[in-house]
Amino acid sequence: MSPSVPLQEMIRAIRSARTQCEERGVIQRECAAIRAQFRQSDNGGRSHNLAKLLYVHMLGYPAHFGQMECVRMIASPRYSEKRVGYLGAMMLLDEKQDASLLITNSIKNDLSHSNQYVQSLALCTLACMGSAEMCRDLAPEIDRLLRASNSYIKKKAALCAVHIVRKVNDLGELFAPAARALLSEKNHGVLHGAVVLITELCERNPETLERFRKTVPDLVQIMKGLVISGYSPEHDVAGISDPFLQVRILRLLRILGRHNEAASDAMNDLLAQVATNTDSTKTVGNAVLYETVLTVLDIKSESGLRVLAVNILGRFLLNNDRNIRYIAMISLQKIVGTDHNAVQRHRGTIVDCLKDQDASVKRRALDLSLALVSASNIRSMMKELLLFLSSCPPELRSQAASGIFNAAERYAPSQRWHIDTILHVLTTAGGDVRDETVPNLIQLITNASELHCYTVHKLYRALLSDISQQSLVQVACWCIGEYGDLLLRGECQETEPVQVTEDDVLDALETVLQSHMSSPATRGFALTATMKLSTRITDNVDRIRSIVSIYGSCIDVELQQRAVEYNALFKKYDHMRAAVLERMPVIEKNSPGHMNGESMGEAIKEIQPAKVKQGEPLLPLQPANQVCDLLDLLGGSEETLQPSPAVGGTAPGLSINTGSSAGGDLLDLLGGLEPAPAVAPAPTVQVYDKDGVTLTLSCEKQSDSGLTVTLTASNSTDSDISSFTLQAAVPKSVQLHMKAPSGDFLPARGAAKVTQTVALNNPNKVNLKMRIRVSYTKQGSAFQDTVQIDTFPGLNAAGH
């Protein structure tokens, strides 16, 4: 290919290359020819060569050697060369390169040129790649052009001023008077540029915002002219007069009317007129309507106007375009808290969107449906949500189950309905529920004493039909262990009677124990339930003893330890078995997601919800110097009970002790144990509280240099938080070890908490400080914040 081929020939040669290597060869030969011609002092084809070089740059090949040629062509008096030179500068130069400073003087000269098209080239280049220094130097020229008589120049100068304001915020005051004057122009291009410039100025400076609130009547008048104007072929788009200008004006009105009642009153009539007169059958009209709705909802508008805006969003939900349905649900989600009744009118349409094929529309419809649940519609809404849960995508099941649980807890019309709803969710999506679901449901069942018979019958039938849902199986095993006598009695007023034998119940529990689908935690529930039945049945105690003894040599350490402890009850302490395995007391619940044992001032450890096991004896706190009567502890004590804090291990509330003491024979259930003394709870302080997310800290000194810090996070907002993580940093001389958190999901309204334990070792006794980074995702947006902790409660300053 000859070096002097025209641009079209070079493009044809590059496109006809069969391989990447052949294409690179063509481009390298042409670039070499272009370099050679750039070095010639008398080069008539400069613009031709630079145009070819820009095409090479567009293909992704290096073209930086043409930067100086751009500078020389911009300085040329010929328009054809200036045009290509400015184009090259916008593509090859940016504000970080020194070569860009060389064209500042040329741009300044061209801004004063007599030819409007040369001025236009300079304005476009400055608006595209002008640095902060260039903007400061040329801002007076732009202000002068904003006051020119040529509309073609004024609209480009306005957009150039927008770039300057974004680069140098202080220069906004320079353009404010000229921007105000541009609103009186008739040319739509100038008006569009003026509105964009005023919007930028108002967003960046509160004082300027107050000044431009006086322009609301002018903007309303311009907007009315667009709405009621007849057909204009120059500005008409699908029957709407200049929708681009309308959208820009509506955005500016939204900014001006926010938090200002007078400005909002001045635009209420206009917004109502736009909302009722704009055609919604085409995308262009929907764009204008959507901006109108956003403006109505963001300013201090009248209640009737807000209802009209919600109704427009309701019509959007019926649109065939999924994008329009999606943005409608996003907008409704934002206002459901303030305009709940207006949004409720479209509940049926919103629920229908749960059946949409698009995953993103389904997710937004689920969020909105959960937000619409109230005490008056809980039954109908829950019916639709449970139907959705049975067929929803796997990625939405966890969110749907969590939302159903929260709604049922807040608005349940009865305890039976509440229990039925949770069991339905566990049957449908038991593998996708949160860990605290099991203890929460157990607490609910325990408190509903009149429903024990109904619940155990229903759970027994569910257990026979499906043992794959681990959460459901765990609750069923717990209930069978606690209320097995009610199941065997066969008398239940709430449900049809079913004759169940002792062998049937034990067969069901053995099936769970032997199933490959059962997790270790589920087997623990089943084994404990089997053991508890030994005090509730009469004919199959030997079979239970046989089942328990088999697991005394189980490879799973947890099951083995339980089986060994239960075997000890059968053999050495058989006379105490009935008292140890009696029914659990009513479990109080002080706050959502947490069981009893957290009341302030009591020396009681927090229950870990996923590890609550039945059958572990509950012992009250006793002073260490008192003789402890085991039977009295289990049966007649009126003191606060201390639940077991972990699965298996030693008996709760007891610590290993090789010595003997009064009453030691009675407490020798597991081999030399005595009650642990009460420990005062570590003081807790709040170290972070922002956007509804709170973080509390408590410390416990382990040794002279060792320290355990427990961080507890909660979410008081109305939206669930996912991907919640904590990161910690300490001084270099301090050793830090972060243990695994209890989870990464914070449900709405404080339904559960996330705890993170941090072990610190401070051998040099330096002044201890910690910096915590909080990261999470809420409503699809990522958030991150940092907090500094300088004091640690309950510690000796000298020690740490």
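Let's start in helix 11: Arg 204 and Glu 200 bring their side chains together in a salt bridge, at 2.7 Å from N to O. Because the two sit four residues apart in helix 11, about one helical turn separates them. Their surroundings are not alike on paper: Arg 204 has 34% relative accessibility, so it counts as partly exposed, whereas Glu 200, at 8%, counts as buried. Keep in mind that this is a predicted model.

**Salt bridges across the chain**

The salt-bridge count comes to 33. Besides the helix 11 pair, here are two more, side by side with it.

| Pair | N to O distance |
|---|---|
| Arg 204 and Glu 200 | 2.7 Å |
| Glu 185 and Lys 154 | 2.3 Å |
| Asp 503 and Arg 543 | 3.1 Å |

Take the side chains of Glu 185 and Lys 154, which meet at 2.3 Å. This pair ties together distant parts of the chain, 31 residues apart: Glu 185 lies in the loop between helix 10 (172–182) and helix 11 (188–204), and Lys 154 belongs to helix 9 (residues 151–167). Is Lys 154 buried or exposed? With 5% relative accessibility, Lys 154 counts as buried. Glu 185 comes in at 21%, so it counts as partly exposed; the cut-off for buried is under 20%.

Then there's the salt bridge between Asp 503 and Arg 543, at 3.1 Å from N to O. Again distant parts of the chain are linked: Asp 503 is in helix 28 (residues 502–514) and Arg 543 is in helix 30 (residues 541–550), 40 residues apart. Asp 503 is partly exposed, its relative accessible area being 36%, and Arg 543 is partly exposed too, at 23%. Which residues join them in a network? Through salt bridges with shared partners, Asp 503, Asp 507, Glu 510 and Arg 543 form one network.

**Nonpolar cores**

Now for the nonpolar side of things. The largest nonpolar core has 186 residues, and within it Ile 142 and Phe 175 touch the most other members. Which helix gives the most to this core? That is helix 27 (residues 470–489), which supplies twelve residues.

Phe 175 deserves a look of its own. Leaving out residues up to four places away in sequence, Phe 175 touches Ala 139, Ile 142, Asp 143, Leu 146, Ala 161, Ile 164, Val 165 and Leu 197. Ile 142, then, is one of the residues that Phe 175 touches.

Apart from the largest core lies another one, made of 25 residues, including Val 693, Ala 713, Leu 726 and Met 770.

Methods: Residues are numbered from 1 along each chain as its sequence is written. This is a predicted model: local features need pLDDT of at least 70, side-chain atom pairs count only at pLDDT 80 or more; totals for chains, interfaces and linings use all residues. Side-chain values use heavy atoms; hydrogens and water are left out. A salt bridge is a side-chain nitrogen of Lys or Arg within 4 Å of a carboxyl oxygen of Asp or Glu. Buried means under 20% relative accessible area, exposed over 50%, partly exposed in between (1.4 Å probe, protein chains only). A nonpolar core is a set of buried Ala, Val, Leu, Ile, Met, Phe, Trp, Tyr and Cys residues joined through side-chain atoms within 4.5 Å. Contact means heavy atoms within 4.5 Å.
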